[in-house]
Amino acid sequence: AGEKWMSGCVLAAAVIMNLAVTIPLVLFCLFSNVEAGYPVHSPMKPLPNAMMRIGVVVLSSIIGLCVPFFLHVVAIISAALAMPIVFLVPLAISWKVAQDHGMLRQHQRVAFDALVMVIGSLAFVVGLSESISELAKVMRDEPEKADILANFWH
């Protein structure tokens with residue numbers, strides 16, 4: 001039992017470290033894009049910039065705390081978006097580059113791309129169906145957790 005506990009703590013620490021790096025990075029990209037929308041000669045003023053940054057973090061935290069079954073919803077979103085990003089976008093870029101440079105697609109390459117598409121499609125179907133079924137199961141097993149107002153402070 002002690003080893004399981006230690007491995008669980010290590011896993012929890014790894015997840016927290018991942019989030020501690022990922023969330024600020026994603027928010028930095030968001031903030032940078034908003035700030036880039038302002039002209040160079042008239043950048044965003046410090047007070048609105050600080051309000052935007054604090055407001056987004058607070059709003060994100062509130063949403064994370066208030067959405068019932070938040071991790072299950074994130075799993076569905078991840079399953080639906082990861083497959084196109086990992087499988088379809090690189091293939092589409094590869095095909096577009098080949099088309100722009102007048103390169104003929106060799107049969108082996110087309111077969112490999114088709115195999116990647118099949119694997120990606122299977123990953124999409126399995127991941128999304130598994131995420132949805134897991135959400136349905138937890139909603140069926142713990143319907144009281146869906147009431148965020150009753151369970152907010154518990």
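Which residues form a nonpolar patch on the surface, and how much accessible area do they have together?

**Entry 1, the basis.** I am working from a predicted model, in which local features need pLDDT of at least 70 and side-chain atom pairs count only at pLDDT 80 or more, while totals for chains, interfaces and linings use all residues. Residues are numbered from 1 along each chain as its sequence is written, and side-chain values use heavy atoms, with hydrogens and water left out.

**Entry 2, the patch.** I found that Leu59, Ile63, Val67, Phe70, Leu71, Val73, Ile77, Leu81, Ile85 and Val86 form the nonpolar patch, with about 890 Å² of accessible area together. A patch takes residues with over 30% relative accessible area and no salt bridge, joining nonpolar side chains (Val, Leu, Ile, Met, Phe, Trp, Tyr) within 5 Å and like charges within 9 Å; a salt bridge is a side-chain nitrogen of Lys or Arg within 4 Å of a carboxyl oxygen of Asp or Glu. Areas come from the Shrake-Rupley method with a 1.4 Å probe, and for residues only the protein chains shown count as cover. H2 and H3 are the elements that give two or more residues to the patch, and H3 gives the most, with 7 residues; helices are DSSP runs (H or I, at least four residues), numbered from the N terminus.

**Entry 3, the largest pocket.** I looked up the largest pocket next and noted about 740 Å³ of space in it. Helix H1 (2-36), helix H2 (46-66) and helix H3 (70-100) each give two or more residues to its lining, with H1 giving the most, 7 residues. A pocket is an open set of points on a 1 Å grid where a 1.4 Å probe fits, with protein on both sides within 12 Å along at least five of seven lines, and lining residues have an atom within 4 Å of a point. Of the 19 lining residues, Leu19, Ile23, Gly64, Phe70 and Val74 lie nearest the centre, and the lining divides into 13 nonpolar, 6 polar and no charged residues.

**Entry 4, two phenylalanines.** Is Phe70 buried, partly exposed or exposed? Phe70, in helix H3, counts as partly exposed because its relative accessibility is 33%, where buried means under 20%, exposed over 50% and partly exposed in between. Phe69 sits in the loop between H2 and H3 and counts as buried, at 12%. I also noted that Phe69 has a positive phi of about 55° although it is not a glycine; most residues other than glycine have a negative phi.

**Entry 5, helix H4.** Val138 lies in helix H4 (residues 107-141) and is buried, with a relative accessible area of 12%.

Notes:
Points joined across faces, edges and corners; volume = space filled by probe spheres on them. Nonpolar A, V, L, I, M, F, W, Y, C, P; charged D, E, K, R; others polar. Buried < 20%, exposed > 50% of the residue type's maximum accessible area, 1.4 Å probe, protein only.
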